[in-house]
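Thanks for pulling up a chair! Let's go through this one together in a few questions and answers.

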Amino acid sequence: MKLPPFEYACPTSVSEAVALLASHDGEAKPLAGGQSLVPMMAFRVASPALIVDLRKLAELRQIKITDDGVALGAMVRWRDILDDTRLRTAHPLLVAAIGHVAHYQIRNRGTVGGSMAHADPAAEMPGIAVACEAKIAVVGKSGSRVIDAGDFFEGPLMTALKADEIITEIRLPAWPAKRRFGFQEFARRRGDFAMAAAALFYDEDGGTARNAHVGAIGVADTPLRLPAVEQVLNGNAIDDGIVAKAEAAASASVDPADDIHASGAYRKALIGVMVERALKSAAT
Ligand SMILES: Cc1cc2nc3c(=O)[nH]c(=O)nc-3n(C[C@H](O)[C@H](O)[C@H](O)COP(=O)(O)OP(=O)(O)OC[C@H]3O[C@@H](n4cnc5c(N)ncnc54)[C@H](O)[C@@H]3O)c2cc1C
C-alpha cells in the first residue's frame, strides 16, 4: 500500500528537530529506522503531516559506558548493541534480550528510541528498561526532562512523551560484575514478538539473593515489574523450592487478555515458565 502524502525534513541538530515537531502541533512525527512508523503509515494507522528524519543526528548514535552505567543514544540500532563487545560485560542482560529482537534486516534499522516510543508491550527493549529501572532522557520545546521507565509506558503504543518531545538517551544503571541474570522468551518463530518473556537479575550476599528485579514482557498492556516474585527471591537461596514459588507468583501476578495469538490463561502459565527458566539459567 502506498503511504499517505507527507512533508519531509531532515534536521542536523536536536534543537532543529524539536522546533520542527513543535511547529506542527501534534501533526509531525520523528522517523528513526521506519520499522514501525512506515508500516503504520501504509496501513493508515498513522498519517503525520510532517516526518522529521533523525538520521543526521550523530549525537543520538552513541553508546556510552561509564561508572554510572550504560547510556544508549536513541538512534542506536539493535545491530550496534549486538556488535559492541563492551556491552557483553557492561550489560549482559540487555545483550541477551536484544538477541531476540526481530530478524537481521530489521535489526539493521530498528532503534532503541523508536522501540521505546512505539511502546509495543511485547517488545524487548521496553521490558529491559522497566526491569532495570532505566531513565529516559527526552527533549522538547520546554526543555529537557528525564522520565523513569516505570512511568514512561501508559498503554499499548502509548507513552508519557509529548508530541514535541524526542527521546535522546536511555540510561541503564551500572551492572556489577558478579550479578546473576536470566532472559527467557517464547515466540512462535525466532525473531517474532514475544508471546511472553521474563527478564530478571539479582545480586548475591552469602548465598542468598538480594536486589531482585523481575520484569515481564508480553503479558499486559505495558511491560511490568513483578514485585511479588522479587519478594519471593529476596533473602533466599535460589533453590528448586524458591524457583517453584517464584513461578507460581509470576503466573498469579498477571492477568493477560485473550488475543488472536493465545488465550490469557496460556500466557499466564507461560510467564511462570519463563521466570522458572530464567532463574535456572541465572543460577548456572
Ligand atoms: C517484521 C517485524 C518484526 C519485529 N519484531 C520485533 C521483535 O521481535 N521485538 C521488538 O522489540 N521489535 C520488533 N520489531 C520492531 C523493530 O525492532 C523496531 O524497533 C521498531 O519497529 C521501532 O522501529 P524504528 O526504530 O525504526 O522506529 P520508527 O519506525 O522510525 O518509529 C517508531 C515510532 O517511534 C517514534 N520515534 C522514533 N524515534 C523517536 C525518538 N528518538 N523520539 C521520539 N519518538 C521517536 C516515531 O515517530 C514512531 O512513532 C519488529 C518490526 C518488524 C517490522
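A residue counts as buried under 20% relative accessible area, as exposed over 50%, and as partly exposed in between. Keep in mind that this is a predicted model.

Q: Is R55 buried, exposed or partly exposed?
A: R55 is found in the loop between β3 (50–53) and β4 (63–66). Its relative accessibility is 46%. Partly exposed is the class in between under 20% and over 50%, so R55 counts as partly exposed.

Q: Where does R179 lie, and is R179 buried or exposed?
A: R179 belongs to the loop between β10 and β11 (180–186). The cut-off for burial is under 20%. Since R179 has 12% relative accessibility, R179 counts as buried.

Q: With the side chain of which residue does the side chain of R179 make a polar contact?
A: A polar contact needs a pair of N or O atoms within 3.5 Å. The side chain of R179 has such a partner at 2.9 Å. That partner is the side chain of D203.

Q: How many residues of helix α8 are buried?
A: Helix α8 spans residues 124–131 and is mostly covered. Its buried residues include E124, P126, I128 and V130. After α8 comes E133, with a positive phi near 55 degrees. As for the buried count in α8, it is eight of eight.

Q: Which element supplies the largest share of the shell around the ligand?
A: β2 (28–31), α7 (112–118) and β10 (166–173) each give at least two residues to this shell. The largest share is five residues. Those five come from α7.

Q: How many residues of the shell around the ligand are charged?
A: There are 32 residues around the ligand, and P30, S36, L37, T111 and E124 come nearest. By class, the shell has 16 nonpolar and twelve polar residues. The number of charged ones is four.

Q: What distance separates a backbone N or O atom of A32 from an oxygen atom of the ligand?
A: Ligand oxygen atoms have several polar neighbours in the protein. An N or O atom in the side chain of K29 is 3.4 Å from a ligand oxygen, and a polar backbone atom of D192 is also 3.4 Å from one. For the backbone atom of A32, the distance is 2.8 Å.

Q: How much of the ligand's accessible area does the protein cover?
A: The ligand sits in the largest pocket. On its own, the ligand has 970 Å² of accessible area. The part of this area covered by the protein is 89%.

Technical notes
Residues are numbered from 1 along each chain as its sequence is written. This is a predicted model: local features need pLDDT of at least 70, side-chain atom pairs count only at pLDDT 80 or more; totals for chains, interfaces and linings use all residues. Side-chain values use heavy atoms; hydrogens and water are left out. Buried means under 20% relative accessible area, exposed over 50%, partly exposed in between (1.4 Å probe, protein chains only). Helices (H or I, at least four residues) and strands (E, at least two) are DSSP runs, numbered from the N terminus. A residue is near a molecule or strand if one of its heavy atoms lies within 4 Å of it. A polar contact is a pair of N or O atoms within 3.5 Å; within protein, one must be able to donate a hydrogen and the other to accept it, and residues adjacent in sequence count only if both atoms are side-chain atoms. Accessible areas come from the Shrake-Rupley method with a 1.4 Å probe; for residues, only the protein chains shown count as cover. On a 1 Å grid over the protein atoms alone, a cavity is a set of points where a 1.4 Å probe fits but cannot get out, and a pocket is an open set with protein on both sides within 12 Å along at least five of seven lines; lining residues have an atom within 4 Å of a point. A molecule sits in a cavity or pocket if more than half of its atoms lie within 2 Å of its grid points. Ala, Val, Leu, Ile, Met, Phe, Trp, Tyr, Cys and Pro count as nonpolar, Asp, Glu, Lys and Arg as charged, and the others, Gly among them, as polar.
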